[in-house]
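Dear colleague,

Please find below the structure that I am handing over to you, together with its sequence. My account of what was found in it follows directly after.

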Amino acid sequence: MAASLPPPRKRYGQHFLHDPAIIARIVEAIGPRPGRRIVEIGPGRGALTAPLLEAACALDVVEIDRELAAMLPARLGTTPQGLRVHCQDVLDFRLGELGTAPSGYDVVGNLPYNISTPLIFHLLRQADLIRTMVFMLQKEVADRIAAPPDNKQYGRLSVMVQYHCLVDRLFTIGPGAFTPPPKVESTVIRLTPRRRAAGERALNEADFSAVVARAFSTRRKTLRNALRDFCNTEDILGVGIDPGARAETLSVADFVRLSNAIATVRCRVM
Ligand code: SAM
């Protein structure tokens, strides 16, 4: 007799997909095929895992819930070949542990909403190992990721994701596609890591990340005030940016110019 499923666990953000048409759309967006190195985050009861494994023949999955991780192979058929289950917190998981993937990993999943933002930052730090990411996220998080400057949703998450990746919003899904239904709508997005040309790249990515974080840490402050520990008014003016402006008016390219000027000033001082 098949083991009964444990009830959904709120602390792990468990909302399981049950709508076959939605599952098919997400799998189509991922486009699994043999030879691709696919990593699924949070396979849960296997709604996406089964069709992904069938099409790709091999799959690594990372699941924190021990009970679900242990049940997964049996749910997909007796010891399905090509399925590797990593029972751990994805925030501690590094793609490099999986060995080499010459064309990069495809990282996919219906993400647990409670960790989606830290998880995206965790993956951006490994972007050079990734070919593409297809995620289902809370719609509001997808809105923040895709937001342009001068928009209420535009912030640190938008700048950091758009610096590292091309962003495509694919489609939005209502709560009825999940068990239990979440209180919010969900959006499927594709993030494709971009290889920036030399002139568009941050000279020092740690500086870039720190400048963006500080600039948005107090949204009401002008750049002059928010960045006073990093640079002075002349440095900001020197790259053609108004020191009286606020962070949400700067494009990703503006942030690159600003952090490059700061990196250059640091080199001069040292
Ligand atoms: N993929 C399944 C589906 O679409 O039906 C489940 C999606 S459910 C929204 C999120 C899944 O991520 C759950 O299986 C949950 O246990 C798992 N999860 C939550 N936090 C996690 C973490 N930190 N590391 C790995 N998996 C996690």
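Where is the place of proline 180? Proline 180 lies in the loop between strand 8 (178-179) and strand 9 (186-193). Before going further, please note that this is a predicted model. The peptide bond that leads from threonine 179 to proline 180 is cis, and its omega is near -15°.

A second point of backbone geometry concerns cysteine 57. This residue is not a glycine, yet cysteine 57 has a positive phi of about 75°. Cysteine 57 belongs to the loop between helix 2 (49-56) and strand 3.

I turn now to the ligand, which sits in the largest pocket. There are 21 residues around the ligand, and those that come nearest are Gln14, Leu17, Gly42, Glu63 and Asn110. Sorted by class, this shell holds 10 nonpolar, seven polar and four charged residues. Strand 1 (16-17) and strand 3 (59-63) each contribute at least two residues to the shell.

Several distances describe how the ligand meets the protein. In the side chain of glutamine 14, an N or O atom is 2.9 Å from an oxygen atom of the ligand. For glutamate 63, an N or O atom of the side chain is 2.6 Å from a ligand oxygen atom. With proline 43, the partner is a polar backbone atom, which is 3.5 Å from a nitrogen atom of the ligand. The ligand taken alone exposes 590 Å², and the protein buries 98% of that area.

Finally, I should mention the charged pairs. How many salt bridges does a search of the whole structure find? The search finds 11 salt bridges. One salt bridge is formed by arginine 9 and glutamate 67, whose closest N and O atoms are 2.6 Å apart. This pair links distant parts of the chain, as the two residues are 58 residues apart. Arginine 9 is in the segment before strand 1, whereas glutamate 67 is in helix 3 (residues 66-75).

With kind regards

Conventions:
Residues are numbered from 1 along each chain as its sequence is written. This is a predicted model: local features need pLDDT of at least 70, side-chain atom pairs count only at pLDDT 80 or more; totals for chains, interfaces and linings use all residues. Side-chain values use heavy atoms; hydrogens and water are left out. A residue is near a molecule or strand if one of its heavy atoms lies within 4 Å of it. A polar contact is a pair of N or O atoms within 3.5 Å; within protein, one must be able to donate a hydrogen and the other to accept it, and residues adjacent in sequence count only if both atoms are side-chain atoms. Accessible areas come from the Shrake-Rupley method with a 1.4 Å probe; for residues, only the protein chains shown count as cover. On a 1 Å grid over the protein atoms alone, a cavity is a set of points where a 1.4 Å probe fits but cannot get out, and a pocket is an open set with protein on both sides within 12 Å along at least five of seven lines; lining residues have an atom within 4 Å of a point. A molecule sits in a cavity or pocket if more than half of its atoms lie within 2 Å of its grid points. Helices (H or I, at least four residues) and strands (E, at least two) are DSSP runs, numbered from the N terminus. Ala, Val, Leu, Ile, Met, Phe, Trp, Tyr, Cys and Pro count as nonpolar, Asp, Glu, Lys and Arg as charged, and the others, Gly among them, as polar. A salt bridge is a side-chain nitrogen of Lys or Arg within 4 Å of a carboxyl oxygen of Asp or Glu.
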